[in-house]
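Work through the exercises below with the sequence and the coordinates open side by side. Each task is followed by a solution in steps.

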Amino acid sequence: MVEPVLDFIQPGHPLYEGELELRFRVLREPLGHTRASVKFPFEDDSLHLVAHADGAVLGCVLFHPEDAHGGRLFQMAVSPSLQGRGLGAKLVRALEDALRGRGFRHVHLHARAPVVPFYERLGYAVYGEPYEEVGIPHRNMQRDL
């Protein structure tokens, strides 16, 4: 397989439909959610980092700025055939580097309970109480850049 390339895209980019499809297949379909539940109202104002090869989106992570200093990482997804091989970590690190370059100082996220250890390995810390979102247990996590 060709090594995936990481690029920032925006809605309307040729890879955007592939990003939406990956997000649906990995994050929403397994929960019984509809394709319509994939898009967020703030998509156009968010950064979209995708990993792609041969025209296929293999991974993605999004970031929504909430103020001049920080915001929320969301919709992290990696193709099931590539999970556990470092692509997710590569996406998060590349996003963090870009955010630092843009002057952001902190990131927070809503982690599904099973992926809390993944984010902990990347330096994120749990805060607050467990809660349910999209029908499954989540934890809030944060990291200073």
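Rings of Phe, Tyr and Trp (its six-membered ring) pair if their centres lie within 6.5 Å, and planes under 30 degrees apart count as stacked, over 60 as edge-to-face and the rest as tilted. The model is predicted, so that local features need pLDDT of at least 70 and side-chain atom pairs count only at pLDDT 80 or more, while totals for chains, interfaces and linings use all residues. Residues are numbered from 1 along each chain as its sequence is written, and side-chain values use heavy atoms, with hydrogens and water left out.

**Exercise 1. Aromatic pairs**

Find how many aromatic pairs the ring rule gives, and describe the pair of Phe40 and Phe42 and that of Phe63 and Phe104.

Step 1. Applying the rule gives 6 aromatic pairs.

Step 2. One of them joins Phe40 and Phe42, with 5.4 Å centre to centre and 50 degrees between the planes, and is classed as tilted. Phe40 is buried because its relative accessible area is 17%, whereas Phe42, at 21%, is partly exposed (buried means under 20% relative accessible area, exposed over 50%, partly exposed in between, with a 1.4 Å probe and protein chains only).

Step 3. Phe63 and Phe104 form an edge-to-face pair, 5.1 Å centre to centre with 70 degrees between the planes. Since Phe63 lies in strand S3 and Phe104 in the loop between H2 and S5, this pair ties together parts that are 41 residues apart in sequence (helices, H or I and at least four residues, and strands, E and at least two, are DSSP runs numbered from the N terminus). Phe63 is buried at 0% relative accessibility, and Phe104 is buried at 12%.

Step 4. Phe40 and Phe42 also belong, with Phe74, to one aromatic cluster.

**Exercise 2. The nonpolar cores**

Which residues of the largest nonpolar core touch the most other members, and which element supplies the largest share?

Step 1. A nonpolar core is a set of buried Ala, Val, Leu, Ile, Met, Phe, Trp, Tyr and Cys residues joined through side-chain atoms within 4.5 Å. The largest such core has 25 residues, of which Leu73, Met76, Leu91, Tyr119 and Tyr124 touch the most other members.

Step 2. At least two residues of this core come from each of strands S2 (47-53), S3 (56-65), S4 (70-78) and S5 (106-112), and from each of helices H2 (87-101) and H3 (116-121). The largest share, 5 residues, is that of H2.

Step 3. A second, separate core has 13 residues, including Val26, Leu27, Val50 and Cys60.

**Exercise 3. Asn140 and its surroundings**

Is Asn140 buried or exposed, and with which side chain does Asn140 make a polar contact?

Step 1. Asn140 sits in strand S7 (residues 136-144) and counts as buried because its relative accessibility is 17%.

Step 2. The side chains of Asn140 and Tyr131 are joined by a polar contact of 2.8 Å (a pair of N or O atoms within 3.5 Å; within protein, one must be able to donate a hydrogen and the other to accept it, and residues adjacent in sequence count only if both atoms are side-chain atoms).

**Exercise 4. Positive phi values**

Compare the settings of Gln75 and Val134, both of which have a positive phi without being glycine.

Step 1. Gln75, with phi near 55 degrees, lies in strand S4 and is buried at 9% relative accessibility.

Step 2. Val134, with phi of about 45 degrees, is placed in the loop between strand S6 (125-133) and S7, and its relative accessible area of 28% makes Val134 partly exposed.
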